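This report looks at how some helices pack against one another, and then at the surroundings of one residue.

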Amino acid sequence: MNKVIVIYGPTAIGKSDIAVELAKKINAEIISADSIQIYKEVNVGSAKITKEEMQNIVHHLIDFKDVNDGYSVYDFVKDCKEKINEIQNKNKNVIIVGGTGLYLKALTENYNYGNATKNEELRKQLNNLEPFELVEILKSLNKDVKQENLNNKQRLIRYIEIAKSGTIPTKRDYDEKFILFGLYQNREKLYDKINKRVDKMVEDGLLEEAQCLLKKVNLENQCLKAIGYKELLPYFNGEKNLKSCLDVLKQRTRNYAKRQLTFFNQFKNIIKIEVKTKQQAVMDILKQIEEENE
């Protein structure tokens, strides 16, 4: 198979399990497209796949960055392309799986970030500014910037860095070497799975992990942008009880899943797969792959 398989979908739908089962059937290795699972020590709250759950399938771009390290869309696209070549050179298939839509969109639509390198001095200066100030700077450098790009301080800083280097992020046409699958599920069933997963995370040590992480990094840290940690801060500060914080966490996770499902519409040529069972979803994906190869 020449095409690279991409599996996107909302949190808790079972992307990792489906990717592992698929990988076993087509002799593939898996590349993670998750902006939080790249970090060490961020395990329970990110629902990071365990060694046992990997079932001896090789996974890439998981657990390889320190929590204080930055990591951009540009970094992901660069690293992911290197991993694709590495895997294909072993005559194995590639499955990319994750819920970070911007990562996958930049990869599959060939966003061009030029060769802009990190400018630590500039980053320090920009980090002292408020988001609205960063927006004004970026607009002065790139009048064509779209509002959808302006919802994250770290991303704003990266775009300014790129713009100042003389290369503006642009996108090209959809890359035909990818075959993109979007997983979806009955909303009520998905939300129930989200609620139960949060409860399971608490059993698995979410509170201890969050407390340790919140002591180690500041609230602007990239890994704390993820839902699952900052929601517990009022509990640790004695401002709210645990149930109240967990209810907020569940609600925000459900809202995030809804946004991920909405993000489907931004992808070109996406093949939607309804997840009724893991086995059925894998078979539906295999069928689509066979049709693609005919």
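## Helix packing and a buried histidine

The axes of helix 1 (residues 15-26) and helix 12 (residues 278-293) approach to within 9 Å and cross at roughly 50 degrees, in what is a predicted model. That angle makes helix 1 oblique to helix 12, and the crossing in which helix 1 passes helix 12 is right-handed. On the side of helix 1 the contact involves Asp17, Ile18, Glu21, Leu22, Lys25 and Ile26, which meet Lys278, Ala281, Val282, Ile285 and Leu286 in helix 12. By character, the residues of this contact of helix 1 with helix 12 divide into 7 nonpolar, no polar and 4 charged.

A second pair is formed by helix 8 (residues 187-203) and helix 11 (residues 242-263), whose crossing is also right-handed. Helix 8 and helix 11 are likewise oblique to each other, and among the residues of helix 8 in this contact are Leu190, Ile194 and Val198, while those of helix 11 include Leu249, Thr253 and Ala257. The residues of the contact of helix 8 with helix 11 divide into 9 nonpolar, 2 polar and 5 charged.

| Helix pair | Axes come within | Crossing angle |
|---|---|---|
| helix 1 and helix 12 | 9 Å | roughly 50 degrees |
| helix 8 and helix 11 | 10 Å | roughly 135 degrees |

Turning to a single residue, His59 lies in strand 3 (residues 59-60). Because its relative accessible area is 17%, His59 counts as buried. A polar atom of the His59 side chain lies 2.8 Å from the backbone oxygen of Ile57, and, leaving aside neighbours within four places in sequence, His59 is in contact with Val20, Ile30, Ile49 and Met54.

Notes:
Residues numbered from 1 in each chain as written. Predicted model: local features only at pLDDT ≥ 70, side-chain atom pairs only at ≥ 80, totals over all residues. Heavy atoms only, no water. Helix = DSSP H or I, 4+ residues; strand = E, 2+ residues; numbered from the N terminus. Buried < 20%, exposed > 50% of the residue type's maximum accessible area, 1.4 Å probe, protein only. Polar contact = N/O pair within 3.5 Å; in protein donor to acceptor, adjacent residues only side chain to side chain. Contact = heavy atoms within 4.5 Å. Axes fitted to C-alpha atoms, helices over the stretch in contact; angles between N-to-C directions. Parallel < 35°, antiparallel > 145°, perpendicular 65-115°, else oblique. Left-handed = near helix turned anticlockwise from the far one by under 90°. Nonpolar A, V, L, I, M, F, W, Y, C, P; charged D, E, K, R; others polar.
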